[in-house]
Amino acid sequence: MKLKSRMLLSYAVIVVICLTASITALFMLNKIGNNMASFYDNNYTVTVNVWLARKEMQAARADILSAIMAPDKNEAENSIKEASNSLGNMRKTFPVIRKSFKGDLAMVDQVDSLLQQAIVHRDQVFDLIEAGKREEAYQILESSYVPILDQMADTLKAIADVAGENALLMVKEGERAQTTVIIIVSVVLVLSIMLALLFGLYIIKSIRRPVKEIEDAAQKLAKGELDGALITYTSKDELGRLSNSIQDLINYQKTIIEDIDYMLGSMSEGDFRVKSKVKDYYRGQYDRILISMRGLCGSLSSILLQINQSAKQVADGSEQISSGAQALALGAAEQAGSVEELAAAVNNISQHVKETEENANDARVQTDQAGAQVATSNQQMQKMILAMKEISEKSNQIDKIIKTIEDIAFQTNILALNASVEAARVGEAGEGFAVVAKEIRNLADRISIASKNTTTLIKETVAAVDKGKTVAHTTAEALADVVESTKQVVRTVDMIASATQYQSESISHITDEVEQISNVVQNNSATSEELAAASEDLSSQAQVLEKLVSQFKI
């Protein structure tokens, strides 16, 4: 069966079972509903009307008794009227009881017969009451009417009991129907669940096995394991057709791969005339593979043909290259010898120029040092001139101070003389003061003499300083000339050193270029020799290549 049929069948069976359970439940519920309706329409109605009839009967008896006991005629008439209404209501229940009662209808007939008898006695009672014969009416009520009513009440009670028994039977029957419905529905539900599980397991098993095989085969197919990708499931359903399609795909892939392996293997062995064995299998997008294989085969055949032709041309040209390379190697060897001699001569010149550069640099350093020393001497000389100028200024200041000291000594001498005169005039009281004045005058004389000597020395010092100042100026001017001459010498030496350095750098550059030329010539010589050897190898390899290409079938 197809998967669709299996699913539809399983669902159809489950639906049928559920419908059966539902129909059964509906039938039983309908039956229960009918029982309830019958219970209400028959037994309940009979019971209610029986008790209503008995109630009206009791009311009629009470009303008749009230009419008999009434003190006046109006009350008696009202009681009779109410009794008539009650009896009318009681008679209305009898047709309903007859219609609804499901028991013995003879009991209902008996009630009707008693009712007819009761009506006769009731009419007698009503007539006697209206005639004022209440005692006779009471006697008929007690002796005839009430016993008939009691019989009617007993018969109605018996009818009610029968209706109750019928109601009890219907309730029990409803309970049995309810239990039956519950059992049937439960059995149907359990059966539906079991069948659903069985159908589900069956469908799952019938789907899972082929799907697992298809999944394993697809995974192996994705990994390229075509030999292990086998599907044993066979069926006419959708999964069977899918399994057959997957198996056809695997076989198709194996055939395509085997054919590609055959073609590539033949080309790897040198056979480029190989053709596909299963051209019909290359359908759709697979046709591109066959086209590409044919294009590859044609391209390789064309390339090998060109290689064969090129190998022949290489073999012919390699011999010419070999002879030319040998001649080039001889010329390169001669050039290498000449360049080596030139390089040796340039190296000698470069060494002499470097020695001259070193001497010029030493002279520049020495002249720089001499210039710096002369500049330092000039600075020291300027400082000495400034110091002599300060000494001359200080000597002039000292001269002024000495003049001041001489004035002070002169004034002191005068004061001492005045003091001596005053002491002589005082007499004995001024002797001590005269001695002091004398000492002061002696001190003033000594100060005057010392200041004069100092003045003389300062004047001589000033004269010597002026003379030294003149000599220092002359020396400074001479040093300035020496400094300027030294600067010119330094500049000249710098120019010589710079020119010598430039010549050294130029010669070094020339030396480097000559060395490069020598290296190039040597490389050319070695390369030409290698080229000659390589051309011979190339000739032999070209012959080998020609032999190899001749093995291919194109």
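**View 1. Helix 2 and helix 3 each supply at least two residues to the lining of the largest cavity.** You are looking at a predicted model, in which local features need pLDDT of at least 70, side-chain atom pairs count only at pLDDT 80 or more, and totals for chains, interfaces and linings use all residues. Residues are numbered from 1 along each chain as its sequence is written, and side-chain values use heavy atoms, with hydrogens and water left out. Helices are DSSP runs of H or I with at least four residues, numbered from the N terminus. The cavity (on a 1 Å grid over the protein atoms alone, points where a 1.4 Å probe fits but cannot get out, with lining residues having an atom within 4 Å of a point) holds about 40 Å³ of space, a volume being the space filled by probe spheres set on the points, which are joined across faces, edges and corners. One cavity of 30 Å³ or more is counted. Around it sit Leu-87, Met-90, Arg-91, Leu-115, Ala-118, Ile-119, Arg-122 and Tyr-145. Helix 3 gives the largest share of this lining, four residues. By class, the lining of the largest cavity has six nonpolar, no polar and two charged residues; Ala, Val, Leu, Ile, Met, Phe, Trp, Tyr, Cys and Pro count as nonpolar, Asp, Glu, Lys and Arg as charged, and the others, Gly among them, as polar.

**View 2. Helix 2 packs with helix 3.** Helix 2 spans residues 73-100 and helix 3 residues 105-131; their axes lie 12 Å apart at an angle of about 170° (lines fitted to C-alpha atoms over the stretch in contact, with angles from 0 to 180 degrees between N-to-C directions). The two helices are therefore roughly antiparallel (over 145 degrees, whereas under 35 counts as roughly parallel). Among the residues that meet here are Leu-87, Met-90, Arg-91 and Phe-94 of helix 2, and Leu-115, Ile-119, Arg-122 and Phe-126 of helix 3; contact means heavy atoms within 4.5 Å. This contact of helix 2 with helix 3 divides into 14 nonpolar, one polar and six charged residues. Leu-87, Met-90, Arg-91, Leu-115, Ile-119 and Arg-122 may look familiar, as they also belong to the cavity lining.

**View 3. Helix 3 packs with helix 4 (residues 134-223).** The angle is about 160° and the axes are 9 Å apart, which makes helix 3 roughly antiparallel to helix 4. Their crossing is left-handed (the near helix is turned anticlockwise from the far one by less than a right angle). In the contact of helix 3 with helix 4 there are 20 nonpolar, seven polar and three charged residues.

**View 4. Helix 2 also passes helix 4, in a left-handed crossing.** The axes come within 14 Å and cross at roughly 25°, so helix 2 and helix 4 are roughly parallel. On the helix 2 side, Ala-76, Leu-87, Met-90, Phe-94 and Ile-97 make the contact, and on the helix 4 side Arg-134, Tyr-145, Met-152, Leu-156 and Ile-159 do. Nine residues of the contact of helix 2 with helix 4 are nonpolar, none is polar and one is charged.

**View 5. The largest pocket has a volume of about 170 Å³.** A pocket is an open set of points with protein on both sides within 12 Å along at least five of seven lines. Its lining consists of Met-263, Phe-272, Val-274, Lys-275, Ser-276, Lys-279, Leu-290, Met-293, Arg-294, Cys-297, Gly-298 and Ser-301. Helix 6 (residues 287-426) gives the most to the lining of the largest pocket, with six residues. The pocket lining divides into six nonpolar, three polar and three charged residues.

Key
Angles under 35 degrees count as roughly parallel, over 145 as roughly antiparallel, 65 to 115 as roughly perpendicular and the rest as oblique.
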